[in-house]
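User: Let's go through this model by question and answer. Keep it brisk.

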Amino acid sequence: MSPDLWADLAFWACGVVAVLAGAAVFYVDSMARATYALALSFVAVGVVLLLLGQAYLGAVVVLMMVMEMAVMAVYMVMFMGMNPALMPMSMVHSHRAAIGAGVGAFLLLGAGALLVPWPERRGAPDPDVTAALGEATMGSHMLVMVAISPVMVATIVAGVVLSLHRGRYDRGDRP
Amino acid sequence: MILETVLLVAAALFAVGLYGALSQQVVVMVMMGLELMINGVILALGGLWWFLAPDPSGQVLLLVVVAAMTVEMAMGFAVATLLHRQAGHDMTDMATELRR
Amino acid sequence: MPDRIRSALLVPVAETARLLRQRPRRTVEADLLLWRIASSGLLPLAVLMLVLVPWGDRALVSDPVGVVWFNALDVFAWALVWLLGWGANAVYGLVGGYRFLALALGYELPLMFALIAPAVAAESLDLGVIAAAQSGLWYVVWMPVAFLAYCLGVLGMSVRAPLDAAAGADLAGGVLAELSGVDRLLVQAGRYALLVAGAAVAVPLFLGGGAGPLLPGWLWVVLKAGALAWALAAVGSRLPTLRPDRVLQPAWVVLLPLVLLQDLVVAAVVVWG
């Protein structure tokens with residue numbers, strides 16, 4: 001078998017896993033299963049990114065999303081209110097409209113993907129994509145990263161301010 | 001594996017995420033829907049990068065999307081914690097403080 | 001043969017035989033799927049890490065972003081250990097799982113920034129290139145802080161003292177409490193394997209890879225990895241278990257800035273050195 005065929009097979013396997021795991025997020029009853037189904041979906045997309053020649057970003061997506069879902073699981077258990085596995089109940093609103101919106105979005109985006117006359121590939125990837133990305137972030141596109149960093153700092157500050165119930169010098173260890 | 005198939009899978013991920021984000025009542029589940037939508041965006045960007053213009057700018061754009069996702073998660077968790085602590089509820093339908 | 005050595009050699013064999021023959025014990029309403037994934041996942045995780053290690057000249061899988069992959073793999077320990085606690089559907093296990101996440105937040109960030117130091121110095125994310133770049137001076141010599149943070153991370157991901165509160169005796173074993181039979185064997189083997197894999201990845205990162213006199217490169221890698229794994233287990237087991245709610249603050253307020261400073265020094269040496 002040719003390498004291209006293997007890549008095709010791997011892509012379809014990952015694509016099917018990604019979509020099915022994504023659908024399972026809203027189908028399963030268990031909070032842990034829902035969270036880790038989403039993690040599986042992200043890992044599958046990370047593998048597809050590897051197939052698309054982006055070794056670094058694929059690895060970063062896997063790294064970030066597994067970590068994020070491990071934390072997400074804690075929040076799921078904390079904030080779910082009741083345990084849907086013990087007490088199965090419908091926790092959805094405007095279900096039909098949501099299904100309609102989902103199907104509509106898929107038809108629209110899918111039609112776009114198939115009908116738009118995509119241009120020819122422009123240029124070829126660098127021999128070392130990761131190094132080129134590093135050069136870009138620290139060179140020609142440095143402004144983007146410089147702009148992101150204050151956003152990140154603001155997010156950290158805002159997140160702490162919103163979620164913390166005590167003040168600056170109260171360590172929470174005194175009665 | 002051609003551009004169209006990658007985009008179709010991405011569209012499916014986005015559509016499932018949109019369904020979840022619109023239909024779920026619990027804040028954390030809404031965030032899971034948003035995450036799934038961003039997952040589709042990441043896949044679509046990765047495909048467009050590889051098949052249309054494989055230069056570093058597209059990769060930087062992907063990094064920005066990933067960063068935006070972390071911001072979304074952090075603020076979502078913070079607001080969910082605040083809602084839970086202040087009002088003791090976790091449903092989007094009950095978060096009506098801004099309506100008054 | 002002295003008794004101590006004989007028992008040290010026999011205990012693993014006897015314990016393996018005992019666990020293989022043990023009747024499996026089930027908890028009520030356990031999430032068997034997730035529990036099985038968690039208990040059988042640690043060992044493959046360690047194997048995937050070992051695959052990245054260059055044995056002398058070349059690795060089984062020579063990956064241009066090997067450092068990032070190692071990082072991604074060690075994050076899987078978060079998921080697996082928490083699921084180990086969750087799957088049992090029992091209180092001690094669940095508390096253990098939460099303890100692990102609290103500790104993981106503490107050790108993971110210093111570990112991530114510690115991984116940056118050798119990569120910056122060697123100007124590559126490839127473990128093979130990083131090992132080859134240490135022909136003059138091992139990175140452990142001038143990156144001691146990064147090495148310490150890395151070692152702490154390895155102890156954390158393999159749930160060993162002093163970061164073993166998730167499997168602490170005060171919780172009747174925590175995430176291990178409800179495990180029995182083959183599942184328990186796989187988890188315990190997986191913890192040891194993660195320790196060894198972490199030590200093996202430290203060899204190309206900090207300990208000069210396969211460099212050494214007389215012996216062939218792959219043997220040096222094995223010797224160094226074995227020595228580091230032994231040292232980690234020996235030092236760790238002599239330290240008290242840290243309270244999970246007290247680890248995050250020193251880890252982020254003291255260790256993380258020190259590691260960042262280490263990265264800065266390394267970057268300065270690379271640019272001006």
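Analyst: Two residues are in contact if their C-beta atoms, placed from the backbone, lie within 7 Å. Note that the model is predicted.

User: Leaving aside neighbours within four places in sequence, which residues is A:V66 in contact with?

Analyst: The neighbours within four places in sequence are set aside here. In chain A, that leaves A:A39 and A:V43. Chain C adds further partners, and the full list is A:A39, A:V43, C:V75, C:F76, C:W78 and C:A79.

User: Which residues touch the most other members of the largest nonpolar core, and which helix gives the most to this core?

Analyst: The largest nonpolar core has 186 residues. A:V66, C:W78 and C:A79 touch the most other members. A:V66 is also in contact with both C:W78 and C:A79. With 18 residues, the element that gives the most to this core is α3(A).

User: How many residues of chain C are in contact with chain A, and which element supplies the largest share of that side?

Analyst: On the chain C side, 18 residues are in contact with 18 residues of chain A. The elements giving two or more residues to that side are α3 (66-87) and α4 (91-122) of chain C. By class, the side divides into 16 nonpolar, one polar and one charged. The largest share, 11 residues, comes from α3(C).

User: What end-to-end distance should α4(C) span, and what does the model give?

Analyst: α4(C) has 32 residues. At 1.5 Å a residue, it should span 46 Å. The end C-alpha atoms agree with that, because they are 46 Å apart.

User: Where does α4(C) bend, and which residue follows the helix?

Analyst: The bend in α4(C) is about 30° and falls at C:A104. After the helix comes a residue whose phi is positive, near 55°. That residue is C:E123.

User: Is α4(C) largely enclosed or largely open?

Analyst: A residue is buried if 20 or more other C-beta atoms lie within 10 Å of its own. In α4(C), 23 of the 32 residues are buried. The helix is therefore, with respect to the rest of the structure, largely enclosed.

User: Is C:G198 buried or exposed, and which residues is it in contact with beyond four places in sequence?

Analyst: C:G198 sits in helix α8 (residues 181-206) of chain C. It is buried, because 28 other C-beta atoms lie within 10 Å. C:F70 is 128 residues apart from C:G198 in sequence, but their C-alpha atoms are 9.0 Å apart. Leaving aside neighbours within four places, the contacts of C:G198 are C:V154, C:M157 and C:S158.

User: How many residues of chain A are in contact with chain B, and which helix gives the largest share of that side?

Analyst: On the chain A side, 70 residues are in contact with 60 residues of chain B. Elements giving two or more residues to this side include α1 (3-25), α4 (95-115) and α6 (142-163) of chain A. The classes are 47 nonpolar, 18 polar and five charged residues. The largest share, 13 residues, comes from α4(A).

User: What is the secondary structure of chain A, and how far apart are the centres of its two domains?

Analyst: Chain A comes to six helices and zero strands. Of its 175 residues, 35% count as buried. Chain A is divided into domain 1 (1-82) and domain 2 (130-167). Taken over C-alpha atoms, the separation of the centres of domain 1 and domain 2 is 24 Å.

How values were computed: Residues numbered from 1 in each chain as written. Chains lettered and ligands numbered in written order. Predicted model: local features only at pLDDT ≥ 70, side-chain atom pairs only at ≥ 80, totals over all residues. Helix = DSSP H or I, 4+ residues; strand = E, 2+ residues; numbered from the N terminus. Buried ≥ 20, exposed ≤ 12 C-beta atoms within 10 Å, placed from the backbone. Nonpolar A, V, L, I, M, F, W, Y, C, P; charged D, E, K, R; others polar. Domains from an automatic or database assignment. Expected span 1.5 Å × (residues − 1). Bend = angle between axes of the 7 residues up to and from the residue. Core = buried A, V, L, I, M, F, W, Y, C linked by C-beta atoms within 7 Å.
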